[in-house]
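This report walks through the fold of one protein chain, taking its sheets, helices and buried regions in turn. Please keep the sequence and the structure in view while reading.

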Amino acid sequence: MPMTVKRLRGLLLSPLALLGGCHLALLDPSGDIARQQSDVMIVTTLIIALIVVPVLVAIGVIAWRYRASNKKAVYDAEWDHSPQLELVVWAAPLLIIIAIGAISWIGTHQLDPYRPLDRVAKGQPVAADTQPLEVDVVSLRWKWLFFYPQYGVATVNQLAAPVDVPIRFKLTSDAMMDAFSVPDLAGMIYTMPGMQTVLHAVINKPGQYQGFSANYSGSGFTDMRFSFDGMSQRDFDDWIAKVRAGSGDLDRKAYDQLRQPERNAPVQYYARFEPDLYTRILNRCADPGQECEDHMMSAGDAMQGMHDASMHTSPGALVDAGKPVPAQAAEAH
């Protein structure tokens, strides 16, 4: 991290020491992805300040120098052009735009939420044999459902992960459009019914962090919050064992009850869940008898393929498909 970024972060965080250890996630996050996003924000702010601060200072200087009471200020009624001044006025903003554009382009590609992590922290690349923690996320009204397919458990309004382990989130929604957000972990990403988004992230410090929905989705969205716990690997294994010790099973009947609107929903643990439940939620067929959207799309693609094949077949072959078409007839068509 550039020294200027460290100094600016320290300058911005120093007043928070007076608030008794208040933590500002946007300036001092605990996850590597969020920290890189914070660096982009701070560097961009510094670059913008290179033009904004001098302009604000110049406004004050000019207003004071050319005030009505200053009779010593030189006023030239015929002045209308200065190549040097125009060079500064045009060149400085242009350089600022180029710099910010380059940083934004590089940052948005390196921090693409769909891009798998290549490091867990600065100077700590992801080992080749590392398996990311898989978490399937479903936003409900007004609660969060988390599946852990590698462990066969599910939770409501509590998310946990070991520190320095890549996390791969797959996210969808039951009925409303929401925004999954844990400021200490990574930037927010939307959840939408019938669609899946992906987010890669990592947490580097043990602790309990706040997660919430950052998109209005009805009267109860202000209570759509959950805790995200960063743990050591041993504590995470103990937490998984605790969830597995529960007696709740998340089947379709239990999911029907869970999907009902509820504010301030308590934390719930499910020791088991139906293996295809997340896929059915994603494809809008969680209820018995519903046809899944991916099956309908597959059927539609098959019908389209048959239609395309028929469009490329000669009329004679369609009329008498059981007989070979003579070469002369084929040439005629």
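## The five-stranded sheet

In this predicted model, five strands come together as an open sheet in the order E6-E12-E11-E8-E9, and their pairing is mixed. The edges are formed by strand E6 (158–162) and strand E9 (186–191), each of which pairs on one side only. Between neighbouring strands of this sheet the average turn is 20°, with direction ignored.

Within the sheet, strand E8 (residues 178–182) and strand E11 (residues 207–213) run antiparallel and are joined by two bridges; Phe180 stands opposite Ser213 in E11. Helix H4 (residues 233–244) packs on this sheet, where it touches E6 and strand E12 (225–231), and the direction of H4 makes about 140° with that of E6.

## The six-stranded sheet

Another open sheet consists of six strands in the order E10-E7-E3-E4-E5-E14, again with mixed pairing. Strand E10 (197–201) and strand E14 (268–270) each have a single partner strand, so one side of each is left without a neighbour in the sheet. The twist from one strand to the next averages 20°.

Strand E3 (residues 133–139) is joined by four bridges to strand E4 (residues 144–148), and these two strands run antiparallel. Two of the positions that face each other across this pair can be named: Ser139 stands opposite Trp144 in E4, and Asp136 stands opposite Phe147 in E4. Helix H4 packs on this sheet as well, touching E3, E4, strand E5 (153–156) and E14, with its direction at about 90° to that of E5.

## Strand E3 and its surroundings

The connection from E3 to E4 is a hairpin through four residues. With strand E7 (residues 167–173), by contrast, E3 pairs in the parallel sense over seven bridges, and there the bridge partner of Val138 is Thr172 in E7.

How many of the seven residues of E3 are buried? Seven of the seven are buried, so E3 is largely enclosed by the rest of the structure. Both of its faces are covered, with Leu133, Val135, Val137 and Ser139 buried on one side and Glu134, Asp136 and Val138 buried on the other; the enclosed residues of this strand therefore include Glu134 and Asp136 along with the valines.

## Nonpolar cores

In soluble globular proteins, nonpolar side chains tend to be buried together. In this model the largest nonpolar core has 37 residues, of which Val135, Phe146, Tyr148, Leu159, Phe169, Phe180 and Phe228 touch the most other members. Helix H4 gives the most to this core, with four residues. A second, separate core of 17 residues includes Val138, Ala154, Leu258 and Leu277.

Strand E3 can be followed into both of these groups: Val135, buried on one side of the strand, is a member of the largest core, whereas Val138, buried on the other side, belongs to the second core.

## Asp32 and helix H2

Asp32 lies in helix H2 (residues 32–65). Is this residue buried or exposed? Its relative accessible area is 5%, and because burial is taken as under 20%, Asp32 counts as buried.

Two polar contacts are made by the side chain of Asp32, one with the side chain of Gln36 at 2.8 Å and one with the side chain of Arg119 at 2.9 Å. When its neighbours within four places in sequence are left aside, Asp32 is in contact with Arg119, Val120, Ala121, Lys122, Val202 and Asn204.

## Helix H3

Helix H3 (residues 83–110) has 28 residues, which at 1.5 Å a residue should span 40 Å, and the end C-alpha atoms of H3 are 40 Å apart, which agrees. Ile96, Ile100 and Gly107 are buried in H3, and the buried residues of this helix pack against H2.

An α-helix has 3.6 residues a turn, so residues three or four places apart point the same way.

## The chain as a whole

Across the chain there are nine helices and 15 strands. Of its 333 residues, 34% count as buried. Among contacts between residues at least 6 apart in sequence, 66% join residues at least 24 apart.

Definitions and conventions
Residues are numbered from 1 along each chain as its sequence is written. This is a predicted model: local features need pLDDT of at least 70, side-chain atom pairs count only at pLDDT 80 or more; totals for chains, interfaces and linings use all residues. Side-chain values use heavy atoms; hydrogens and water are left out. Two strands pair if DSSP finds at least two bridges between them. Axes are lines fitted to C-alpha atoms, for helices over the stretch in contact, and angles run from 0 to 180 degrees between N-to-C directions. Contact means heavy atoms within 4.5 Å. Buried means under 20% relative accessible area, exposed over 50%, partly exposed in between (1.4 Å probe, protein chains only). A polar contact is a pair of N or O atoms within 3.5 Å; within protein, one must be able to donate a hydrogen and the other to accept it, and residues adjacent in sequence count only if both atoms are side-chain atoms. A nonpolar core is a set of buried Ala, Val, Leu, Ile, Met, Phe, Trp, Tyr and Cys residues joined through side-chain atoms within 4.5 Å. The expected span of a helix is 1.5 Å times one less than its number of residues.
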